[in-house]
Amino acid sequence: MKQEKKFMKKFLILVFAVSFLVAYKYNCVLCHNCGIAKKLDTMTAEEIIKKTKEYKTGKGNSMMVRAVEDLSDEEIKKAAKELGKP
């Protein structure tokens with residue numbers, strides 16, 4: 001049983017590390033593509049841009065406000081195009 005717990009712990013750390021490396025470009029997908037937050041591919045690029053800019057002004061979820069505070073307008077547009085609904 002102890003070995004199984006050790007294996008599971010190492011496995012979960014590995015999964016998290018791989019997820020982080022895959023999502024390094026935009027940290028958005030860490031929450032938005034794993035069920036913690038609304039999936040971004042259900043929103044248009046325009047919707048993502050509008051909502052992200054609202055967060056940048058300090059309105060809304062404090063976690064999102066902190067997550068987007070350093071993004072430039074160009075980064076927001078690029079992420080929205082790549083992650084939003086086609």
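A residue counts as buried here when its relative accessible area is under 20%. By that yardstick, 20% of the 86 residues in this chain are buried. The model is a predicted one, and it is helical: there are five helices and zero strands, so to speak an α-α-α-α-α run from the N terminus on. Of the contacts between residues at least 6 apart in sequence, 53% join residues at least 24 apart. On the outside, the chain exposes about 7000 Å², with carbon and sulfur atoms supplying 61% of that area.

Now for the inside. In soluble globular proteins, nonpolar side chains tend to be buried together. The largest nonpolar core of this chain has nine residues, namely Leu40, Met43, Ala45, Ile48, Ile49, Ile76, Ala79, Ala80 and Leu83. Two helices, α3 (45-56) and α5 (73-83), each put in at least two of these residues, and the largest share, four residues, belongs to α5.

Helix α5 is worth a look on its own. Its buried residues are Ile76, Ala79, Ala80 and Leu83. Viewed down the helix axis, these buried residues stay within an arc of 100°, so they line one face of α5. Turned away from that buried side is a face with the exposed residues Glu74 and Lys81. As for the cover over the buried residues of α5, it includes α2 (28-32) and α3.

On the α3 side, two isoleucines of the core can be followed contact by contact. Leaving out residues up to four places away in sequence, Ile48 touches Leu40, Met43, Ala80, Leu83 and Gly84. Ile49, also a core member, sits in helix α3 and, with the same sequence neighbours left out, touches Ile76, Lys77 and Ala80. Ile49 has a relative accessibility of 19% and therefore counts as buried, since the cut-off is under 20%. Between Ile49 and Gly84 there are 9.6 Å from C-alpha to C-alpha, with the two residues 35 apart in sequence.

Helix α3 also holds a charged pair. A search of the whole structure turns up one salt bridge, and the side chains that meet in a salt bridge are those of Glu54 and Lys51, at 3.5 Å from N to O. Both residues lie in α3, three residues apart, or about one turn of the helix. How open is each partner? Glu54 is partly exposed at 30% relative accessible area, and Lys51 is likewise partly exposed, at 35%. Both values fall in the range between 20% and 50%, so neither residue is classed as buried or as exposed.

Elsewhere on the surface, Phe7, Met8, Phe11 and Leu12 form a nonpolar patch, and together these residues have about 430 Å² of accessible area. Leu12, one of the four, is placed in helix α1 (residues 2-22). Further along the chain, Ala67 is part of helix α4 (residues 62-68). With a relative accessible area of 54%, Ala67 is exposed, because the class starts over 50%. Ala67 also pairs up in space with a residue from another stretch of the chain: Cys28 is 39 residues away in sequence, and the C-alpha to C-alpha distance is 8.3 Å.

Terms used. Residues numbered from 1 in each chain as written. Predicted model: local features only at pLDDT ≥ 70, side-chain atom pairs only at ≥ 80, totals over all residues. Heavy atoms only, no water. Core = buried A, V, L, I, M, F, W, Y, C linked by side-chain atoms within 4.5 Å. Buried < 20%, exposed > 50% of the residue type's maximum accessible area, 1.4 Å probe, protein only. Contact = heavy atoms within 4.5 Å. Areas by Shrake-Rupley, 256 points an atom, 1.4 Å probe, with all protein chains shown as cover. Patch = residues over 30% accessible without salt bridge, like charges linked within 9 Å, V, L, I, M, F, W, Y side chains within 5 Å. Salt bridge = Lys/Arg side-chain N within 4 Å of Asp/Glu carboxyl O. Arc of directions from axis to C-beta.
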